[in-house]
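Trainee: I am new to this structure and should like to learn how to read it. May we go through it feature by feature?

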Amino acid sequence: IRKLASEATDSDEAALALWAAHYHQPDLSLELLAQAAPNLSEPSVLWQPLMSDVRRLPGFKDLVRRLGFVDYWRGHGWSDFCHPVEREDFACR
(Lines give C-alpha, C1' and ligand atoms only; values in the text may rest on other atoms or scores of the structure.)
Protein backbone atom coordinates (compact mmCIF):
# COMPACT_ATOMS: atom_id res chain seq x y z
CA ILE A 1 0.00 0.00 0.00
CA ARG A 2 2.84 2.39 0.83
CA LYS A 3 4.50 1.75 -2.52
CA LEU A 4 1.26 2.44 -4.40
CA ALA A 5 0.65 5.55 -2.31
CA SER A 6 4.03 7.01 -3.23
CA GLU A 7 2.76 7.60 -6.78
CA ALA A 8 -0.95 8.00 -6.09
CA THR A 9 -3.29 10.92 -6.65
CA ASP A 10 -5.27 12.25 -3.70
CA SER A 11 -8.34 10.21 -4.63
CA ASP A 12 -6.18 7.11 -5.05
CA GLU A 13 -4.65 7.74 -1.62
CA ALA A 14 -8.15 7.92 -0.15
CA ALA A 15 -8.95 4.55 -1.72
CA LEU A 16 -5.70 3.12 -0.39
CA ALA A 17 -6.64 4.44 3.06
CA LEU A 18 -9.74 2.25 2.88
CA TRP A 19 -7.59 -0.74 1.99
CA ALA A 20 -5.24 -0.01 4.88
CA ALA A 21 -8.23 0.10 7.21
CA HIS A 22 -9.50 -3.17 5.74
CA TYR A 23 -6.14 -4.79 6.51
CA HIS A 24 -6.27 -3.52 10.12
CA GLN A 25 -3.68 -0.79 9.62
CA PRO A 26 -5.50 2.25 11.05
CA ASP A 27 -2.29 4.24 11.54
CA LEU A 28 -1.37 3.86 7.87
CA SER A 29 -4.93 4.64 6.88
CA LEU A 30 -4.86 7.86 8.90
CA GLU A 31 -1.49 8.81 7.44
CA LEU A 32 -2.91 8.46 3.93
CA LEU A 33 -6.07 10.36 4.85
CA ALA A 34 -4.09 13.21 6.39
CA GLN A 35 -2.35 13.69 3.05
CA ALA A 36 -5.35 13.19 0.78
CA ALA A 37 -8.40 14.56 2.61
CA PRO A 38 -7.50 18.27 2.50
CA ASN A 39 -7.41 18.06 -1.31
CA LEU A 40 -10.57 16.01 -1.85
CA SER A 41 -13.72 17.81 -2.95
CA GLU A 42 -15.80 15.33 -0.91
CA PRO A 43 -13.93 13.66 1.99
CA SER A 44 -16.73 11.15 2.58
CA VAL A 45 -14.15 8.39 2.99
CA LEU A 46 -13.71 9.65 6.57
CA TRP A 47 -17.18 8.46 7.47
CA GLN A 48 -17.17 5.00 5.90
CA PRO A 49 -17.94 2.21 8.42
CA LEU A 50 -14.58 0.62 7.66
CA MET A 51 -12.88 3.72 9.08
CA SER A 52 -14.25 3.38 12.63
CA ASP A 53 -10.86 2.33 14.06
CA VAL A 54 -9.22 5.24 12.26
CA ARG A 55 -11.74 7.68 13.75
CA ARG A 56 -10.73 6.54 17.24
CA LEU A 57 -7.07 7.51 16.76
CA PRO A 58 -5.92 10.79 18.38
CA GLY A 59 -4.58 11.97 15.03
CA PHE A 60 -8.06 11.81 13.54
CA LYS A 61 -9.11 14.63 15.86
CA ASP A 62 -6.27 16.74 14.49
CA LEU A 63 -7.35 15.96 10.93
CA VAL A 64 -10.99 16.95 11.39
CA ARG A 65 -9.89 20.10 13.21
CA ARG A 66 -7.62 21.05 10.27
CA LEU A 67 -10.44 20.34 7.83
CA GLY A 68 -12.72 22.71 9.74
CA PHE A 69 -15.29 20.11 10.77
CA VAL A 70 -15.04 20.82 14.50
CA ASP A 71 -15.75 24.54 14.03
CA TYR A 72 -18.67 23.64 11.80
CA TRP A 73 -20.06 21.10 14.28
CA ARG A 74 -19.81 23.55 17.15
CA GLY A 75 -21.83 26.07 15.18
CA HIS A 76 -24.33 23.79 13.46
CA GLY A 77 -24.57 20.55 15.45
CA TRP A 78 -22.42 17.50 15.81
CA SER A 79 -22.26 14.63 13.34
CA ASP A 80 -23.43 11.06 13.87
CA PHE A 81 -19.78 10.02 14.25
CA CYS A 82 -18.34 12.64 16.60
CA HIS A 83 -19.69 14.32 19.72
CA PRO A 84 -18.40 16.68 22.41
CA VAL A 85 -17.16 15.16 25.67
CA GLU A 86 -15.78 18.28 27.34
CA ARG A 87 -15.75 21.97 26.61
CA GLU A 88 -12.80 21.77 24.19
CA ASP A 89 -12.65 18.03 23.50
CA PHE A 90 -14.66 15.55 21.49
CA ALA A 91 -14.71 11.84 20.66
CA CYS A 92 -15.36 10.01 17.43
CA ARG A 93 -16.57 6.50 16.80
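Mentor: We begin with accessibility: a residue is buried under 20% relative accessible area, exposed over 50%, and partly exposed in between (1.4 Å probe, protein chains only). At 39% relative accessibility, Leu50 therefore counts as partly exposed. This is a predicted model, in which local features need pLDDT of at least 70 and side-chain atom pairs count only at pLDDT 80 or more, while totals for chains, interfaces and linings use all residues. Residues are numbered from 1 along each chain as its sequence is written, and side-chain values use heavy atoms, with hydrogens and water left out.

Trainee: Where does Leu50 lie, and with which residues is Leu50 in contact, leaving aside its neighbours within four places in sequence?

Mentor: Helices (H or I, at least four residues) and strands (E, at least two) are DSSP runs, numbered from the N terminus. Leu50 belongs to the loop between H3 and H4. Contact means heavy atoms within 4.5 Å; on that basis, and leaving aside neighbours within four places in sequence, Leu50 is in contact with Leu18, Ala21 and His22.

Trainee: How should a nonpolar core be read, and which residues touch the most other members of the largest one?

Mentor: In soluble globular proteins, nonpolar side chains tend to be buried together. A nonpolar core is a set of buried Ala, Val, Leu, Ile, Met, Phe, Trp, Tyr and Cys residues joined through side-chain atoms within 4.5 Å. The largest one here has 26 residues, of which Leu33, Trp47, Val54, Phe60, Val64 and Cys82 touch the most other members. At least two residues each come from helix H2 (10-22), helix H3 (26-36), helix H5 (58-66), helix H6 (69-76) and strand S2 (90-92). The greatest contribution, 5 residues, is that of H2. Not counting residues up to four places away in sequence, Leu33 touches Ala17, Pro38, Val45, Leu46, Met51, Val54 and Leu63.

Trainee: How is the packing of two helices described, and at what angle do H2 and H3 pack?

Mentor: Two packed helices are described by the angle between their axes and the distance between the axes. Axes are lines fitted to C-alpha atoms, for helices over the stretch in contact, and angles run from 0 to 180 degrees between N-to-C directions. Angles under 35 degrees count as roughly parallel, over 145 as roughly antiparallel, 65 to 115 as roughly perpendicular and the rest as oblique. H2 and H3 pack at about 165°, their axes 8 Å apart, which means that H2 is roughly antiparallel to H3.

Trainee: At what angle do H3 and H5 pack, and which residues meet there?

Mentor: The angle between H3 and H5 is about 10°, with axes 10 Å apart; H3 is therefore roughly parallel to H5. Leu30, Leu33 and Ala34 of H3 meet Gly59, Phe60, Leu63 and Arg66 of H5. Among what covers the buried residues of H3 are helix H1 (2-5), H2, helix H4 (52-55) and H5.

Trainee: Is Val70 buried or exposed?

Mentor: Val70, in helix H6, is buried, with a relative accessible area of 2%. Beyond its neighbours within four places in sequence, Val70 is in contact with Val64, Arg65, Trp78 and Phe90.

Trainee: What is the sign of phi in His24?

Mentor: Most residues other than glycine have a negative phi. Phi of His24 is near 60°, a positive value. His24 lies in the loop between H2 and H3 and is exposed, at 64% relative accessible area.
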